[in-house]
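Let's go through this one together, a question at a time. Keep the sequence and the picture open while you read.

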Amino acid sequence: MTTQSPVRPLSGRVAVITGASSGIGEASAEKLAALGAHVVVLARRVERLADLVVRIEKNGGQALAIAVDVTDAAAVQAAADRVAAELGGADLVFNNAGVMLPAPVEELARDQWQHQIDLNITGLMNVIGAFTPQLVEAAGERGVADLVNTSSIAAQNIYPNFAVYAATKTYVTHLSRHLRVELGPKNVRVAAIEPGIVGTELQSHVTDAGAQAWLAGAKETIEWLAPQDVAETIGFLATLPPRVNLQQITIMPTGQTS
């Protein structure tokens, strides 16, 4: 195992990042690789993952890309099996894949409801189910492992027309608290990160005119977070001493009041 250094404090660690083809996942993969982790990037878009691996390796990092849809439990398990076989298992999982599709509930956008539930909840659980055994094993061997789940400020606050999305993120935050109780005694740190508005592809998926107008207005009045801001926070979490677990982190644009 590679010896850790102050410059590369995650040397010797294996970090799995879902939703890694863009936004927060992409930026976090680059950050964790820069800190010394061997990153495994998971997403559906093969070309984007390939480009990411090239960038990471060009900057001296190590990366493996696995094309996978996290809503496919068998595919996620196959990815976990590959990580175990090729890299000895993950000791850091950033469970980040998700989608935001706000709309008034009266529009009865059932397909969008289901898509958010499938990805933000079922996909999240598929990753937890596949990788938790590796995290527990790694924590037993080296004294620490990390599971970080991407939630949202919407888990705390009320936003009109974001009901289904917000409910899925409330699930993520509350689940994370419970998992911390289960896994913390086994030296697996569990954290939920709750960003405010971050400039990512999430906004481009929004189809509701009212939500689009709200986001456009927010962009004119608030300097949004960049994906790299959240990535820095993920890196900070992962490099804390093993005794320290920040269980819930809310990261907001300075100008966003709620």
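Q: What share of the 258 residues of the chain counts as buried?
A: Keep in mind that this is a predicted model, where local features need pLDDT of at least 70, side-chain atom pairs count only at pLDDT 80 or more, and totals for chains, interfaces and linings use all residues. Residues are numbered from 1 along each chain as its sequence is written, and side-chain values use heavy atoms, with hydrogens and water left out. Buried means under 20% relative accessible area, exposed over 50%, and partly exposed in between (1.4 Å probe, protein chains only). By that yardstick, the buried share of the 258 residues is 52%.

Q: Which elements does the chain have, and in what order do they run from the N terminus?
A: Helices (H or I, at least four residues) and strands (E, at least two) are DSSP runs, numbered from the N terminus. The chain has seven helices and seven strands. Read from the N terminus, the order is β-α-β-α-β-α-β-α-β-α-β-α-α-β.

Q: How does the radius of gyration of the chain compare with the globule rule?
A: The radius of gyration is taken over C-alpha atoms, and the globule rule is 2.2 Å times the number of residues to the power 0.38. For 258 residues the rule gives 18 Å, and the chain comes close to that, so it is as compact as a globular protein of that length. Along the principal axes, its C-alpha atoms fill a box of roughly 55 × 35 × 30 Å. The radius of gyration itself is 18 Å.

Q: What is the strand order in the open sheet?
A: Two strands pair if DSSP finds at least two bridges between them. In this open sheet of seven strands the pairing is parallel. The edge strands, each pairing on one side only, are β3 (62-67) and β7 (248-251), and the twist averages 15° from one strand to the next. The order is β3-β2-β1-β4-β5-β6-β7.

Q: Which residue in β5 is the bridge partner of V93?
A: Strand β4 (residues 92-95) and strand β5 (residues 145-150) pair in the parallel sense over four bridges. Within β5, the partner of V93 is L147.

Q: Which residue of β4 is the bridge partner of A15?
A: β1 and β4 run parallel, and three bridges join them. In β4, L92 and F94 point one way while V93 and N95 point the other way, and all are buried. The partner of A15 is L92.

Q: What handedness does the unit of β4, helix α4 and β5 have?
A: Helix α4 spans residues 110-142 in this β-α-β unit. A crossover is right-handed if, with the strands pointing away from the viewer, the path from the first strand over the helix to the second runs clockwise. This unit is right-handed.

Q: What angle does the direction of helix α1 make with that of β1?
A: Axes are lines fitted to C-alpha atoms, for helices over the stretch in contact, and angles run from 0 to 180 degrees between N-to-C directions. Contact means heavy atoms within 4.5 Å. Helix α1 (residues 23-34) packs on the sheet and touches β1 (14-18), β2 (38-43), β4 and β6 (188-195). Its direction and that of β1 make an angle of about 170°.

Q: Is H38 buried or exposed?
A: H38 sits in strand β2. Leaving out residues up to four places away in sequence, H38 touches R13, V14, A15, Q62, A63, L64 and L87. Its relative accessible area is 17%, so H38 is buried.

Q: Which residues does T132 touch, not counting those up to four places away in sequence?
A: Look for T132 in helix α4. T132 is buried, with a relative accessible area of 16%. The residues that T132 touches are V127 and L183.

Q: What separates the C-alpha atoms of R8 and A37?
A: R8 is in the segment before β1, and R8 is partly exposed, with a relative accessible area of 28%. Not counting residues up to four places away in sequence, R8 touches A33, A34, L35, G36, G60 and G61. R8 and A37 are 29 residues apart along the chain, and their C-alpha atoms are separated by 8.0 Å.

Q: What is the phi of L108?
A: L108 lies in the loop between β4 and α4. Its relative accessible area is 45%, so L108 is partly exposed. Phi is positive here in a residue other than glycine, with a value near 55°.
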